[in-house]
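Q: Please take me on a close look at the strands of this protein and the parts around them. I am a first-year student, and a plain explanation of each term would help.

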Amino acid sequence: MSSSNKASSIVYSVATRRNRDAARKALTEFFYPEEPLTLAYRYGREVTVDDLENSLAFLDQGTVTLATLNDPELGSNAAAAPVVGIAIGGPSHAALQVTVETQKFTDVMAFLKMVSDRSLPGARGSRPCYNLHCLAVHPAFRGRSIARRLVQEQLLLAKSATFDAFTADATASASAQLLRQLGMQEISRMRFDQYRNERGEPVFDTIPDAEVITLEQLL
């Protein structure tokens, strides 16, 4: 993918089922390969089908936003435009959209449930709220404020709904920094190595800065 395109050639939109293949490609090419929960899982870094399908299920909710290259040559086939950024959000109580089938996804969802429970004492808004689940930009297009715009598009979706708070669980320090710049406040944090499964066993390997920072903004 060429990195010569300027930010002005990027279009932001709410994805539909028509964008399923493009969204899947974005997730598998530049979200999951760098996602700390995937990298730190001690029993394998492969992306499970249920995890991927859960992310794609938000297309039906109308809460997936894409940054795509504006290529006039595509004409009416704009859905085929390369995706250079993706953000997925939705109601916090509807984070799980599919049946859990693998141990890895079971462990990840249990960990995120604990993160959510720990953030409640510091929350100012009511629950459930609108939560940002995923934010990723293609490496060749970083540094162009694409992530910032994707978060802003997610905020617009949250404000159009009936929630009074927008939250995000940042597993990357760059994401946490961006969210703070956009006015979000940290309400809790938890290191991966603090989590144990029901058998008391560690699920994640210790990697540098492996923690989830939960941030919130009232709407």
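A: Strand S5 (residues 165-170) runs antiparallel to S7, and six bridges join the two. Two strands count as paired if DSSP finds at least two bridges between them. The names follow DSSP runs numbered from the N terminus: helices are runs of H or I with at least four residues, strands are runs of E with at least two. Within the S5 pairing, Ala-168 faces Leu-215 in S7.

Before going on, please keep in mind that this is a predicted model: local features need pLDDT of at least 70 and side-chain atom pairs count only at pLDDT 80 or more, while totals for chains, interfaces and linings use all residues. Residues are numbered from 1 along each chain as its sequence is written, and side-chain values use heavy atoms, with hydrogens and water left out.

S7 (residues 211-218) has another antiparallel partner: strand S6 (residues 185-191) joins S7 through six bridges. There Met-190 is bridged to Val-212 in S7. How many of the eight residues of S7 are buried? Seven of them are, and the strand is mostly covered. Buried means under 20% relative accessible area, exposed means over 50%, and partly exposed lies in between (1.4 Å probe, protein chains only).

Val-212 also leads us to a helix. Its C-alpha atom is separated by 9.1 Å from that of Ala-176, although the two residues are 36 residues apart along the chain. Ala-176 belongs to helix H6 (residues 173-181), and it counts as buried because its relative accessibility is 1%. Apart from neighbours within four places in sequence, Ala-176 is in contact (heavy atoms within 4.5 Å) with Ala-170, Ile-213 and Leu-215. You met Leu-215 above, opposite Ala-168.

Now turn to the other side of the story of S5. Three bridges join S5 to S4, and these two strands run parallel. Tyr-130 of S4 has Phe-166 as its bridge partner in S5. S4 also pairs with S3, this time in the antiparallel sense over seven bridges, and there Pro-91 stands opposite Tyr-130. Like S7, S4 is mostly covered, with seven of its eight residues buried.

S4, H5 and S5 together make a right-handed β-α-β unit. Right-handed here means that, with the strands pointing away from the viewer, the path from the first strand over the helix to the second runs clockwise. Between S4 and helix H5 (146-160) is a loop that holds Ser-145. Ser-145 has a phi near 65 degrees, a positive value in a residue other than glycine. It counts as partly exposed because its relative accessibility is 47%.

Look also at the loop between helix H4 (103-119) and strand S4 (130-137), where Pro-128 is found. The peptide bond from Arg-127 to Pro-128 is cis, with omega near 5 degrees.

What about disulfides? The structure holds zero; a disulfide would be a pair of cysteine sulfur atoms within 2.5 Å. Cys-129 is in none, and its nearest cysteine sulfur, that of Cys-134, is 17 Å away. Cys-134 is in no disulfide either. Cys-129 counts as buried because its relative accessibility is 1%, and Cys-134 counts as buried because its value is 4%.

S4 has a helical neighbour too. The buried residues of H1 pack against helix H3 (49-56), strand S3 (83-91) and S4. In H1 (residues 20-31), the buried residues are Ala-22, Ala-23, Ala-26, Leu-27, Phe-30 and Phe-31. They lie on the same side of H1 because they cover an arc of only 135 degrees around the axis, where the arc is that of the directions from the helix axis to the C-beta atoms.

Finally, follow Phe-31 to the rings. The structure holds nine aromatic pairs: rings of Phe, Tyr and Trp (its six-membered ring) pair if their centres lie within 6.5 Å, and planes under 30 degrees apart count as stacked, over 60 as edge-to-face and the rest as tilted. Among them, Phe-31 and Tyr-32 are edge-to-face, 4.9 Å centre to centre with 65 degrees between the planes, and both residues are buried.
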